[in-house]
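Here are a few exercises to work through with the structure open beside you. Try each task before you read its solution.

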Amino acid sequence: MLLGGLVVFLAIRAVVVPKDFGKFGHYRPGALETISARSIAYAGHEQCLQCHDQEAKVHGGGMHAKVSCETCHGPLAKHTDDPTANVPKLPDVANLCRRCHEKDAAKPKGFHQVDTLAHSQGMLCNSCHQPHNPQL
Amino acid sequence: MDLSRRDIFKIGGKLLLLASAGATLEEILGAAPPSEAYRMADHWWGMIIDIDKCIGCGSCVRACAQENQVPAGFFRTWVERYQVEEGKQPLVDSPNGAMDGFPPSKRTDLKSFFVPKLCNQCASSPCVQVCPVGATFVSPDGVVLVDETYCLGCRYCVQACPYGCRYLHPQKRTVDKCTLCYHRITKGLTTACCENCPTGARQLVDFKNPEDPVHEFLRNNKVEVLKPYMATGAKVYYKDLDGAVR
Amino acid sequence: MIPGVDGFIYPNEVELQWGLLVVLYPYITGLVAGAFILASLERVFKVEAVRPTYRLALLTALAFLLVAPLPLQLHLGHPERSLEMYLTPHRSSAMAMFGFVYLWYLMVVLLLEIWLEYRADIVRLAQTTTGWQRLVYKLLTLGSENVSPEARRIDDKVSYIVTVIGIPSAFLLHGYVGFIFGSIKANPWWSSPLMPIVFLFSAMVSGIAAVLALYMAFMKVKKMPLDMGCLDTIAKYLFYTFVIDFSLEMLDLVQRTYEADESFRTLDFMVHTRLWGSQVILQICVGTLLPLALLAANQLWRFSVSRRKAMYLAASLLTMM
């Protein structure tokens, strides 16, 4: 009876477990392909440079040169796939700049930070600063 | 129980049919071979984090959540703020994982800093060790991944991870975690969190690449991994990590 | 809006992952192991006094063992995939190997032992009943209808061997669960070599207490007199096991408090706040010290039959809590 059970078990195993299970380790190698095939939301700043070279030139010469475009403009892979169909919204300046530049004791001392209320008296940051190259 | 020869043939035939049907189905639905351009054996991924550069803006947390559809209330990466007062227990907080940054620090006189955390992509991962079925694994290129179609949702790995980076996906009912944006790094992009870090505090590194900045980074700086005594082979290295960090 | 965490908790740990359902499983397998040990007292250690509870203990063990996977299945995110643990067990995972320990215990130890014990009755019933009942009993005999004294002697011998194998198997069954918890280095409260031992002894305690309570209950239902000698012996063994179990748990507590390493501060805080009611009041005072006192009193003084029955019942119910 036990032997019969064993045979049934082995038969089920042959059917259900993928043939290449264990090829790289104790897992299904198909998982690697499935995970690699997931869709991308952030295009990466190199993609932006392909069309927006004017902004890139301004951006590249300023303090924000190392800041990726999508950090402020959000995920834009959809936009690079179809630029006219997916036009990105402009960032919410009131909250965006503050998240990085609001003065805080925990932020590194060398980093540009201000008490935004005192600094701008409620005016939007881009009234004076050009976001791509913010130096004044 | 006595089986006649006829019975054996009947049962055996049915099993054979089932097995061959399964095999054919597997062939048809089987995964495509990996792309030629990316070879797993050429890479061994990790990350380096510079504590002194992190400004706690939470861009990484937001980017990760959008890139990977992370469910609300759970985090594949998060940032903690430490405020260390001499002779006392440090104050640690992480409001919503720092998804919206941090409220202003109440004390301005303390040593305070931000610590971004994520899956440490451990080489001797305790989470991989305890998975009963082989649903979580270390890929040949050093990324700890979860096979969604195989995971039972037993959460043994969630218990076993010393860094708290795993969670049960509320809708999929399987375990989820940082994949080091495997779908991006295998295409030559960097991870979503590193892409969107405005100060370059986080950087994806490839230990197998001789030109990678990680080698100089490890040689020239005082670096540490989180919880080194756990001997997990963590591959996320922190520069200037304070002793108060757990 | 998630309020966010402070202190040394990670954001993903806000939701506890192993909750009541997972706790139920060690409790149930504990009852199984404990009941089996009680049964083995009669068969291997020849403690004749507990003979009346032999069959009850075995059946209790079987009943609970069959039910044990249920809370686990409910806990799983994908219970339909649980067969994967048998199809592709990860050899480095304690949980995967446990699936086979469970299977071994169920098939080889429990089912075999129960079959051997009931064999004479099964054969008799197969010969005297009719209809579909007859078919069921005939199947259960598994072809062996010999109930001569010779065959019965062989039965006893085999049963003895199975029980001898079964005792370490019972230890393995529940000690293994202790190992699953004890080997998690990420959790300082669990990670200890003492864990499997503590699990084992508390399993024995709750198992014996369960059989004690069930024996009293069944005798009440069947309106049969209780064998006080049997009851006294069970209570005695319960007391001994309980003392060992309590000592082990106190050892863990005292050592932890004395060494006071980093994890101690957090654990101490938790025990004094969130866990005060369930751990200190319920588990230690009401669930351990009180039954221990009741059982100890019976060792030191002699009470009347009815008083003893009441004390034993109270002790066993409190213990199982």
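Which residue stands opposite B:Gln83 in β3(B)? B:Leu91 does. Before going on, a word on the model: it is predicted, so local features need pLDDT of at least 70 and side-chain atom pairs count only at pLDDT 80 or more, while totals for chains, interfaces and linings use all residues. Residues are numbered from 1 along each chain as its sequence is written, and chains are lettered from A and ligands numbered from 1 in the order in which they are written.

**Exercise 1. Trace the neighbours of strand β2 (residues 77-84) of chain B.**

Helices (H or I, at least four residues) and strands (E, at least two) are DSSP runs, numbered from the N terminus. Two strands pair if DSSP finds at least two bridges between them.

- Step 1: On one pairing, β2(B) runs antiparallel to β4 (residues 111-118) of chain B, with 8 bridges. There, B:Tyr82 sits opposite B:Phe113.
- Step 2: β2(B) is also antiparallel to β3(B), through 3 bridges. These two strands make a hairpin with 6 residues between them, and B:Gly87 in the turn has a positive phi of about 75°.
- Step 3: Check the cover. In β2(B), 7 of the 8 residues are buried (20 or more other C-beta atoms within 10 Å of a residue's own; 12 or fewer is exposed, in between is partly exposed, and C-beta atoms are placed from the backbone).

**Exercise 2. Work out the strand order of the open sheet in chain B that holds β9 and β10.**

- Step 1: Begin with β1 (residues 45-50) of chain B, joined to β9(B) by 5 bridges in an antiparallel pairing. B:Met47 has B:Leu204 as its bridge partner.
- Step 2: Put the 4 strands in line: β9-β1-β11-β10, with mixed pairing.
- Step 3: Find the edges. β9 (202-206) and β10 (223-224) of chain B each have a single partner strand, so one side of each has no neighbour in the sheet.

**Exercise 3. Describe how chain B meets chain C.**

- Step 1: Count the contact: 38 residues from chain B and 32 residues from chain C (two residues are in contact if their C-beta atoms, placed from the backbone, lie within 7 Å).
- Step 2: Sort the chain B side: 23 nonpolar, 10 polar and 5 charged. Here Ala, Val, Leu, Ile, Met, Phe, Trp, Tyr, Cys and Pro count as nonpolar, Asp, Glu, Lys and Arg as charged, and the others, Gly among them, as polar.
- Step 3: Look for the biggest contributor on that side. α4(B) gives the largest share, 4 residues.
- Step 4: Go back to β3(B), which is joined by 2 bridges to β1 (residues 5-6) of chain C, running antiparallel. B:Ser94 faces C:Val5 there.

**Exercise 4. Now do the chain A side of its contact with chain B.**

- Step 1: Chain A puts in 38 residues and chain B 49 residues.
- Step 2: α2(A) gives the most to the chain A side, with 7 residues.
- Step 3: The chain A side divides into 20 nonpolar, 8 polar and 10 charged residues.

**Exercise 5. Classify the crossing of α8 (residues 194-222) and α12 (residues 305-320) of chain C.**

- Step 1: The two axes come within 8 Å and cross at roughly 135°. Axes are lines fitted to C-alpha atoms, for helices over the stretch in contact, and angles run from 0 to 180 degrees between N-to-C directions.
- Step 2: That angle makes α8(C) oblique to α12(C) (under 35 degrees is roughly parallel, over 145 roughly antiparallel, 65 to 115 roughly perpendicular, the rest oblique).
- Step 3: The residues of this contact split into 10 nonpolar, 3 polar and 1 charged.
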